[in-house]
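Thanks for making the time this morning. I would like to walk you through one model, going from one DNA strand to the other and finishing with the relation between the protein chains.

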There are 2 protein chains.
Amino acid sequence: MHGYDGFSYADLAQEVGIRKASIHHHFPTKASLAEALLERYRRRFAATLDSIATRHATAGKRLRAYLKTYRDALAGGEMVCLCVAFSPGRDSLSDPVLDELKIFEEQSIAWLTEVFELGRTDGSISSVAAPQAEAAACLALLEGAQLLARAGKNVSRFDAAVAVMKSRIQ
Amino acid sequence: MHGYDGFSYADLAQEVGIRKASIHHHFPTKASLAEALLERYRRRFAATLDSIATRHATAGKRLRAYLKTYRDALAGGEMVCLCVAFSPGRDSLSDPVLDELKIFEEQSIAWLTEVFELGRTDGSISSVAAPQAEAAACLALLEGAQLLARAGKNVSRFDAAVAVMKSRIQ
DNA sequence: TTCAGCCTACCTACTATATGGTAGGCACTA
DNA sequence: TAGTGCCTACCATATAGTAGGTAGGCTGAA
């Protein structure tokens, strides 16, 4: 998986084990393919967030699970989440794809804002400033941490970047 | 400027106003071109860090200037720093380019670690945890913040992401 | 001083390959 | 039968790159 520009029908075809033209049949343009991939990714991620909130009662536990989701997505430094992969090449992206990116961001910020609000209330996250500001910082931190781990193909880069955030979880 | 894979001799030729083949003359392969670009970027950035440290006596002021450097590099959301642009496509990068990425990261972490150490001492940054952990988090935060601003082509995404960090500066 | 050689920085013209895509077809299942 | 999911064969264009060339400036030697 490269960035958007390095992402090709040929690579995907090889990965899935069908011919390139077959993918074209289902997704006539690269833009429609990217949109579908990103929408699927976003929906799955939303389900993951719901699941986290359901299974964990405290903000600290939710945040820890969220960090883990990002870390697991790294697959040892081989992958990053689709939003991180696609964002640098945003000028190549169609409007519907950009919309998906935006929705992903909004959904993440909303979820995290609630977590930080809860964290302030239940005391399971220490030193919570304004919850929305914390949410924006947290999302940026994780995307950047994925980037660093990806560049170095080394998960410990991610771990180093989130250590302070983790230490705030009670 | 796309990611690495979307970065082409043709684009650069147009930008610089000479023919593609002329660039090939100076940089025979894309890898050598990327390496030269990244090395130049890294050296300039190191000079910027030196300049900041020279002009600002307190850690808080240094950190603020550092944040500003990243924000200015966004050019209103049109650009991100080379390391952010190249990292997702890291599998396409040659070893010397990867080395430059690594050096950039190390140089940033080292500089930021000193800033956070100083911040602890001079009190100009509040609640400093382990300086090296703070440094790793800060770098990730800024790279992620650039990504978010780039995706939305909107500098306020960056501002939102770094607000908490800024509030810690005295 | 002049000239030849070298260097630098650009050029035109071309190439092999990969990309996103098109057109038409086959096979299987409900 | 119709629809779905795959296929082969092909195409136009963009990419990274190759080969050979020109022009101007500089330097050193005669």
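Which atom of DNA strand C does a polar side-chain atom of His24(A) lie 3.2 Å from? In this model, which I should say at once is a predicted one, the partner of that His24(A) atom is a base nitrogen of the strand. A second side chain of chain A reaches a base of the strand as well, since a polar side-chain atom of Lys20(A) lies 3.1 Å from a base nitrogen of DNA strand C. Chain B makes a contact with the backbone of the DNA, where a polar backbone atom of Arg19(B) is 2.5 Å from a phosphate oxygen of DNA strand C. The elements that give two or more residues to the surface near this strand are α1 (9-16) and α2 (20-26) of chain A, together with α2 (20-26) of chain B, and it is α2(B) that supplies the largest share, with four residues.

Stepping back to the whole surroundings of DNA strand C, there are 16 residues around it, and those that come nearest are Tyr9(A), His24(A), Lys30(A), Arg19(B) and Ser22(B). By class, that surface has seven nonpolar, six polar and three charged residues. If we look from the side of the DNA, 60% of the strand C atoms within 4 Å of the protein belong to sugar or phosphate, and the rest belong to bases.

Let me turn to DNA strand D. Of the 16 residues around this strand, Arg19(A), Ser22(A), Tyr9(B), His24(B) and Lys30(B) come nearest, and sugar and phosphate account for 60% of the strand D atoms that come within 4 Å of the protein. Base nitrogens of DNA strand D are approached from both chains: one is 3.4 Å from an N or O atom in the side chain of His25(A), and a polar side-chain atom of His24(B) lies 3.1 Å from a base nitrogen. At the phosphates, a backbone N or O atom of Lys30(B) lies 2.4 Å from an oxygen of DNA strand D. Here the largest share of the surface, four residues, comes from α2(A).

Finally, how are the protein chains related? A turn of 180° with a shift of 0.0 Å along the axis lays chain A on chain B with an RMSD of 0.0 Å, which is the relation of a two-fold axis. Moreover, 100% of the interface residues of chain A are also interface residues in chain B, so the copies meet through the same surface.

Terms used
Residues numbered from 1 in each chain as written. Chains lettered and ligands numbered in written order. Predicted model: local features only at pLDDT ≥ 70, side-chain atom pairs only at ≥ 80, totals over all residues. Heavy atoms only, no water. Near = heavy atom within 4 Å. Polar contact = N/O pair within 3.5 Å; in protein donor to acceptor, adjacent residues only side chain to side chain. Nonpolar A, V, L, I, M, F, W, Y, C, P; charged D, E, K, R; others polar. Least-squares fit on C-alpha atoms with pLDDT ≥ 70 in both. Contact = heavy atoms within 4.5 Å.
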